[in-house]
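Let's walk through this model together, from the overall fold down to a few individual residues. Have the viewer open as you read.

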Amino acid sequence: MRRSNVKKKLARGFTAAAIGIAATFGIAAPASAANGNCPSSYLCTWKDSLSVTDGSGSALQLFQQHISNYNNYKYLGTNYNAGNSATSIFNNGITETAYMYASTSKRGFLFSIPKGSWNYFLSGSHGDNIESGYFASFN
Ligand SMILES: [Ca+2]
């Protein structure tokens, strides 16, 4: 009886420790990876997978309403053109789904991405193809 109580306590302690580790590493790490350096309320894209451009999470392109022609922009701090080059995307918006297009000015709908959603690797026709993007209110 006593022995089994000790076992239960040990098991409980171990579980609490395991949850603590998950909260520190398991949960926090993917969230920050998804964010890169994407500020709250923005839709962000990066040239490479996993929310980086040449290894930098802050080398992103972003909008709070829309970008009607990504070809007019470069990933921040780089010489890489943001048109037809995005490989990862994060909707760090607060309320709205965003709509992304293969051509400028809402032409060639590609996909929608709900608030809080991250696609760490845009594949197939979605990869290297975005030229305009809009939050729902501006779509
Ligand atoms: Ca395109």
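## Ground rules and overview

Before anything else, a word on naming: helices and strands here are DSSP runs, numbered from the N terminus, with at least four residues for a helix and at least two for a strand. By that rule Y120 sits in the loop between β7 and β8, and we'll come back to Y120 further down.

This is a predicted model. The chain contains one helix and eight strands, and reading from the N terminus the order is α-β-β-β-β-β-β-β-β. Of its 139 residues, 32% are buried. If you look at contacts between residues at least 6 apart in sequence, 58% of them link residues at least 24 apart.

## How far to trust it

The average pLDDT for the chain is 85, and 76% of the residues reach at least 70. The stretch to be wary of is residues 4-29, where pLDDT is below 50 and the model shows one contact beyond near neighbours in sequence. Where pLDDT is low, the predicted coordinates shouldn't be read in detail.

## Two sheets

How are the strands arranged? One open sheet has four strands in the order β3-β8-β5-β6, with antiparallel pairing. β3 (66-67) and β6 (109-113) are the edges here; each has a single partner strand, so one side of each has no neighbour in the sheet. The other open sheet also has four strands, ordered β2-β1-β4-β7, and its pairing is antiparallel too. Its edge strands are β2 and β7 (118-119), each pairing on one side only.

In the β2-β1-β4-β7 sheet, four bridges tie β1 to β4, and the two run antiparallel. If you want a spot to zoom in on, W46 has S88 in β4 as its bridge partner. Keep S88 in mind, because Y120 touches S88 as well, and that contact leaves aside residues up to four places away in sequence.

## A closer look at β5

Strand β5 pairs on both sides. It is joined to β8 by four bridges, running antiparallel, and to β6 by four bridges, again antiparallel.

Which way do the β5 side chains go? A98 and M100 point one way while Y99 and Y101 point the other, and all are buried. The partners across the strands can be picked out one by one: A98 stands opposite F135 in β8, Y99 has Y134 in β8 as its bridge partner, and M100 stands opposite F111 in β6.

## The nonpolar core

The largest nonpolar core counts 27 residues, and C44 and L60 have the most contacts inside it. The elements that put two or more residues into this core are β1 (43-46), β2 (61-63), β4 (88-91), β5 (98-101) and β8 (132-135). β5 gives the largest share, four residues.

What does L60 touch? Leaving out residues up to four places away in sequence, L60 touches G36, N37, C38, C44, T45, W46, T53, Y75 and L76. So that list includes C44, the other residue with the most contacts in the core, and W46, whose bridge partner is S88.

## Loop residues worth a click

Back to Y120 in the β7-β8 loop. Is Y120 buried or partly exposed? It counts as partly exposed, because it has 17 C-beta neighbours inside 10 Å, and a residue needs 20 or more to be called buried. Y120 and S88 are 32 residues apart in sequence, yet their C-alpha atoms are 4.7 Å apart. Apart from residues up to four places away in sequence, Y120 touches S49, L50, S51 and S88.

Two other loop residues have backbone angles you may want to check. K106, in the loop between β5 and β6, has a positive phi of about 65° although it is not a glycine. K106 is partly exposed, with 17 other C-beta atoms within 10 Å. D128, in the loop between β7 and β8, also isn't a glycine and has a positive phi of about 50°. D128 has 13 other C-beta atoms within 10 Å, so it is partly exposed.

Terms used:
Residues are numbered from 1 along each chain as its sequence is written. This is a predicted model: local features need pLDDT of at least 70, side-chain atom pairs count only at pLDDT 80 or more; totals for chains, interfaces and linings use all residues. A nonpolar core is a set of buried Ala, Val, Leu, Ile, Met, Phe, Trp, Tyr and Cys residues joined through C-beta atoms within 7 Å. A residue is buried if 20 or more other C-beta atoms lie within 10 Å of its own, exposed if 12 or fewer, and partly exposed in between; C-beta atoms are placed from the backbone. Two residues are in contact if their C-beta atoms, placed from the backbone, lie within 7 Å. Two strands pair if DSSP finds at least two bridges between them. pLDDT is the predictor's confidence in each residue, from 0 to 100.
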